[in-house]
Amino acid sequence: MVSLGRFGAILIPFAMMSACAGGAALQPDRSVFSLDSNYQRFTYFMPIEETFDRTVAVFKEAGYKLDVVDRATGQISGRRGATGDKGASSDKDLKFYALVLPKGADSELGVKVVQILKSGPLGTSNAELILNDPQMYQYTFRRIENSNTQETYSRPGV
């Protein structure tokens with residue numbers, strides 16, 4: 001049988017190591033902004049500020065309620081409720097994540113759209129399905145490019 005002193009001598013180092021490992025604060029909502037292969041990307045020949053403003057305007061116009069609009073980091077995200085005619089019942093919501101990054105003097109926009117499906121016996125759980133339709137993203141990028149928030153930019157030397 002293990003004595004209490006020996007048990008404490010074994011347990012204390014493990015407790016100390018686990019206490020050191022958890023020092024950083026986590027922001028789980030922000031972790032989805034790391035660019036991975038699920039983001040569709042497009043390069044704009046305009047400054048990052050203009051791409052950021054146009055992206056915000058297009059998603060607001062599309063009916064998304066923006067929850068992150070961070071000009072310092074280029075992060076934008078929002079959610080849109082069930083769509084369709086009035087009275088239509090749907091358990092599908094859409095959420096988007098966007099990240100505007102500098103690319104030389106130009107900018108690059110990464111966008112990921114997910115469909116949120118309610119699941120579980122009472123619809124209390126959510127599952128996210130990443131939408132990968134290339135035409136949908138092309139349409140979104142074209143809308144952002146043609147958005148008239150300020151003046152139109154053109155590629156230098158063109």
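**Notebook: Leu-129, the core and the pocket**

I started at Leu-129 and found that Leu-129 touches Val-113, Val-114, Gln-115 and Leu-117, not counting residues up to four places away in sequence; contact here means heavy atoms within 4.5 Å. I'm working on a predicted model, where local features need pLDDT of at least 70, side-chain atom pairs count only at pLDDT 80 or more, and totals for chains, interfaces and linings use all residues. Residues are numbered from 1 along each chain as its sequence is written, and side-chain values use heavy atoms, with hydrogens and water left out.

Where does Leu-129 sit? Leu-129 is in strand β6 (residues 125–131). Strands (E, at least two residues) and helices (H or I, at least four) are DSSP runs, numbered from the N terminus. I looked up exposure next: Leu-129 has a relative accessible area of 43%, so I noted Leu-129 as partly exposed. On this scale buried is under 20% relative accessible area, exposed is over 50%, and partly exposed lies in between (1.4 Å probe, protein chains only). I also checked Leu-94, 35 residues from Leu-129 along the chain, and the two C-alpha atoms are separated by 9.5 Å.

Then I stepped back to the whole protein. I counted three helices and six strands, running α-β-α-β-β-β-β-β-α from the N terminus. Of the 158 residues, 28% count as buried.

Next I looked at the largest nonpolar core, which has 19 residues. Such a core is a set of buried Ala, Val, Leu, Ile, Met, Phe, Trp, Tyr and Cys residues joined through side-chain atoms within 4.5 Å. Phe-59, Leu-66, Ile-76, Phe-96, Leu-109 and Val-111 have the most contacts inside it. The largest share of this core, four residues, comes from α2. I followed Phe-59 further: leaving aside neighbours within four places in sequence, Phe-59 is in contact with Tyr-64, Leu-66, Phe-96, Val-111, Thr-140 and Ile-144.

Last, I checked the largest pocket, with a volume of about 210 Å³. A pocket is an open set of points on a 1 Å grid over the protein atoms alone, where a 1.4 Å probe fits, with protein on both sides within 12 Å along at least five of seven lines; lining residues have an atom within 4 Å of a point. Volume is the space filled by probe spheres set on the points, which are joined across faces, edges and corners. Which element gives the largest share of the lining? I found that α3 does, with four residues. The lining includes Phe-59, Leu-94, Val-111 and Val-113.
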